[in-house]
Amino acid sequence: FDPTYPHGRGYYWKSWKLPPLSAAAIDVIVEQAMAITSPLSAMPIFTLGGAVARVDDDATAFTGRSAAHDINLVASWLPDDPEPERHKAWARTAWEAIRPFARGVYVNFLGEEGRDRVRSAYGPQTYDRLAALKARFDPTNLFRSNQNIPPAA
């Protein structure tokens with residue numbers, strides 16, 4: 001149970017990895033925070049670095065280790081909200097506004113964004129390596145939930 005994101009609400013999120021925050025990036029983040037359409041929505045910013053940044057990107061499936069932050073744009077609303085699409089639109093607008101500062105995305109913060117976005121989350125080399133492993137250990141793609149990497153052909 002996560003009290004921050006309780007069961008029963010509507011949720012929609014988008015995410016980016018960010019470099020150290022510049023004044024311009026902070027201005028955009030504040031502007032987008034001021035535009036939040038629901039008091040249940042949030043924009044958590046996670047600080048990275050330290051031990052995470054000391055491992056090479058190609059050493060594990062976790063890429064983007066040089067990013068300084070992850071930002072999640074989490075739209076949330078109550079089940080009886082008559083206009084849930086406006087909250088989703090806020091998250092999409094904020095995501096686009098922050099895009100110029102972005103340096104990738106953490107795969108576990110992806111929603112239903114498609115195969116190309118999953119591939120970009122891992123980067124081409126790591127994605128291809130994982131697809132080859134998937135072909136070896138799960139050739140029928142039995143384990144395909146979440147952000148799937150299909151087996152290499």
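Which residues form one aromatic cluster? They are Phe46, Phe62, Tyr106 and Phe109. Please keep in mind that this is a predicted model. Here is a short tour of its aromatic rings, followed by a look at valine 118 and alanine 68.

**Aromatic pairs**

- The count of aromatic pairs comes to four.
- One of them joins tryptophan 16 and tryptophan 95 in a stacked arrangement, with 4.6 Å centre to centre and 10° between the planes.
- This pair links distant parts of the chain: tryptophan 16 belongs to strand 1 (residues 10-18) and tryptophan 95 to helix 2 (residues 84-98), 79 residues apart.
- Tryptophan 16 counts as buried because its relative accessibility, 6%, is under 20%.
- Tryptophan 95 is buried too, with a relative accessible area of 9%.
- Phenylalanine 46 and phenylalanine 109 form another stacked pair, at 5.6 Å centre to centre and with 25° between the planes.
- Here again distant parts of the chain are linked: phenylalanine 46 is in strand 2 (residues 45-47), while phenylalanine 109 is in the loop between helix 2 and helix 3, 63 residues apart.
- Phenylalanine 46 has a relative accessible area of 35%, so it is partly exposed.

**Charges over the tryptophan rings**

- Both tryptophans of the stacked pair also have a charged neighbour over the ring.
- For tryptophan 95 the partner is lysine 14, which lies over the face of the ring at 4.0 Å from the ring centre.
- For tryptophan 16 the partner is arginine 117, whose charged end sits over the ring, 4.6 Å from its centre.

**Valine 118**

- Valine 118 is part of helix 3 (residues 115-122).
- With a relative accessible area of 2%, valine 118 is buried.
- Leaving aside residues up to four places away in sequence, valine 118 touches Leu110, Tyr127, Gln147, Asn148 and Ile149.
- Valine 105 is 13 residues from valine 118 in sequence, and their C-alpha atoms are 8.9 Å apart in space.

**Alanine 68**

- You will find alanine 68 in the loop between strand 2 and strand 3 (69-77).
- Although it lies in a loop, alanine 68 is buried, because its relative accessible area of 16% is under 20%.
- Alanine 68 and leucine 18 are 50 residues apart in sequence, yet 5.9 Å apart in space from C-alpha to C-alpha.
- Leu18 is also among the residues that alanine 68 touches, together with Pro19, Pro20, Phe46, Thr47 and Leu48, not counting residues up to four places away in sequence.
- Phe46 in that contact list is also a member of the aromatic cluster with Phe62, Tyr106 and Phe109.

Key
Residues numbered from 1 in each chain as written. Predicted model: local features only at pLDDT ≥ 70, side-chain atom pairs only at ≥ 80, totals over all residues. Heavy atoms only, no water. Helix = DSSP H or I, 4+ residues; strand = E, 2+ residues; numbered from the N terminus. Buried < 20%, exposed > 50% of the residue type's maximum accessible area, 1.4 Å probe, protein only. Contact = heavy atoms within 4.5 Å. Phe/Tyr/Trp six-rings, centres within 6.5 Å; stacked < 30°, edge-to-face > 60°. Lys NZ or Arg CZ within 6 Å of the ring centre and 35° of its normal.
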